[in-house]
Amino acid sequence: MVNEYLASMFSLAGKTALVTGAAGGIGSAVAVGIAKAGANVALCDINTDALDPICNELGSTTAAFKLDVTDVAAFPKTVDEIATKYGSIDILVNCAGINKREGLADVAEETYDRIMNINLKGVFFLSQTVAHKMKAQNSGVIINIGSHNTGPVLGGVSVYAATKTGVLALTRSMAVEWAKYNIRANCVSPGHIKTELTAPTWEHPTRSKYLLDRIALNRPGLPQDVVGVCLFLASDAAAYITGCEYRVDGGCVCGGQPWQYDTEF
Ligand code: NAP
């Protein structure tokens with residue numbers, strides 16, 4: 001009875017998801033979660049070698065696709081291939097992303113273009129391509145992975161923060177313009193999650209302390225922590241939710257650790 005009810009709300013059986021950056025920390029956890037919730041999953045990344053073990057473990061409802069999110073010209077072919085293989089694309093998770101930590105004054109044009117192209121332009125044009133399919137089927141869900149830096153920003157992430165704030169703005173445009181096609185778009189903004197991307201921070205003694213002091217739950221996030229909200233947003237349980245941002249940050253933006261000077265908590 002409970003299982004039946006939960007399945008009617010949250011099951012992704014019969015759906016197909018395309019996940020970018022699916023070889024990465026958060027992307028792989030989300031792709032595995034979506035597959036375990038019953039969907040077919042096209043795991044896309046620039047590096048397909050890392051996808052094969054994930055697909056082998058999950059079985060025939062998943063497949064690996066090489067997709068460089070800067071190669072806009074290649075999107076229609078890959079998207080067609082996935083839609084033909086599974087019959088539809090119901091869920092798009094835009095998760096591929098990079099960062100380079102350096103001061104605003106030191107950023108070279110080449111670095112600016114690379115981060116913009118992967119984090120923002122890729123999200124824009126892949127969503128546009130997949131939305132053509134979603135419009136034709138009159139349904140779809142887009143989940144864009146934002147960041148802590150859509151709100152308060154850390155130092156040394158100017159371009160990254162600009163792209164992620166752009167992703168949030170883009171999410172709202174998608175929600176507004178594509179609602180008439182029954183496409184929902186939301187942004188999931190992780191806080192400080194332990195992955196390759198954040199290893200330079202979490203493996204650094206003072207930077208990791210700086211972050212922990214700002215996390216109320218007093219631990220780094222794990223890729224698994226980001227999965228639940230993505231499953232929720234992909235499911236029919238979120239049928240009336242679009243254009244929103246969901247933070248998964250262990251309590252960063254709310255204030256982090258309380259001060260300990262003269263008050264007992
Ligand atoms: P990650 O482990 O480095 O995963 C990113 C994935 O994207 C990697 O597999 C990477 O491949 C892939 N990628 C890079 N360039 C690509 C391209 N041109 N085309 C297709 N795929 C490409 O990082 P993560 O921490 O899981 O981050 C995933 C997303 O969450 C990113 O959008 C990131 O900005 C966001 N995010 C992360 C955190 C965090 O704390 N970790 C916080 C907020 C937001 P290679 O490894 O081969 O480059």
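Reader: How does the shell around the ligand divide by class in this model?
Author: In this predicted model, the shell around the ligand holds 14 nonpolar, eleven polar and three charged residues.

Reader: Which residues come nearest to the ligand?
Author: I26, D45, Y160, I193 and T195 come nearest, out of 28 residues around the ligand.

Reader: And which helices each supply at least two residues of that shell?
Author: Those are α2 and α6.

Reader: What lies 2.6 Å from an oxygen atom of the ligand?
Author: An N or O atom in the side chain of Y160 lies at that distance. Backbone atoms are also involved: an N or O atom of the C95 backbone is 2.9 Å from a ligand oxygen, and a polar backbone atom of G191 is 3.3 Å from a ligand oxygen.

Reader: How much of the ligand's accessible area does the protein cover?
Author: On its own the ligand has 880 Å² of accessible area, and the protein covers 87% of this.

Reader: Where does the ligand sit?
Author: The ligand occupies the largest pocket, whose volume is about 930 Å³. That pocket has 42 lining residues, with G97, I98, N99, Y160 and L197 nearest its centre.

Reader: What is the make-up of that lining?
Author: The lining of the largest pocket comprises 18 nonpolar, 17 polar and seven charged residues. Helices that each supply at least two of its residues include α5 (109–137) and α8 (205–213).

Reader: Turning to the second largest pocket, what is its volume?
Author: The second largest pocket encloses about 190 Å³. Among its lining residues are K15, D90, R184 and D236, and by class the lining has three nonpolar, four polar and four charged residues.

Notes. Residues numbered from 1 in each chain as written. Predicted model: local features only at pLDDT ≥ 70, side-chain atom pairs only at ≥ 80, totals over all residues. Heavy atoms only, no water. 1 Å grid on protein atoms, 1.4 Å probe; cavity = no way out; pocket = protein on both sides within 12 Å on 5 of 7 lines; lining within 4 Å. Points joined across faces, edges and corners; volume = space filled by probe spheres on them. Helix = DSSP H or I, 4+ residues; strand = E, 2+ residues; numbered from the N terminus. Nonpolar A, V, L, I, M, F, W, Y, C, P; charged D, E, K, R; others polar. Near = heavy atom within 4 Å. Polar contact = N/O pair within 3.5 Å; in protein donor to acceptor, adjacent residues only side chain to side chain. Areas by Shrake-Rupley, 256 points an atom, 1.4 Å probe, with all protein chains shown as cover. Sits in = over half its atoms within 2 Å of the grid points.
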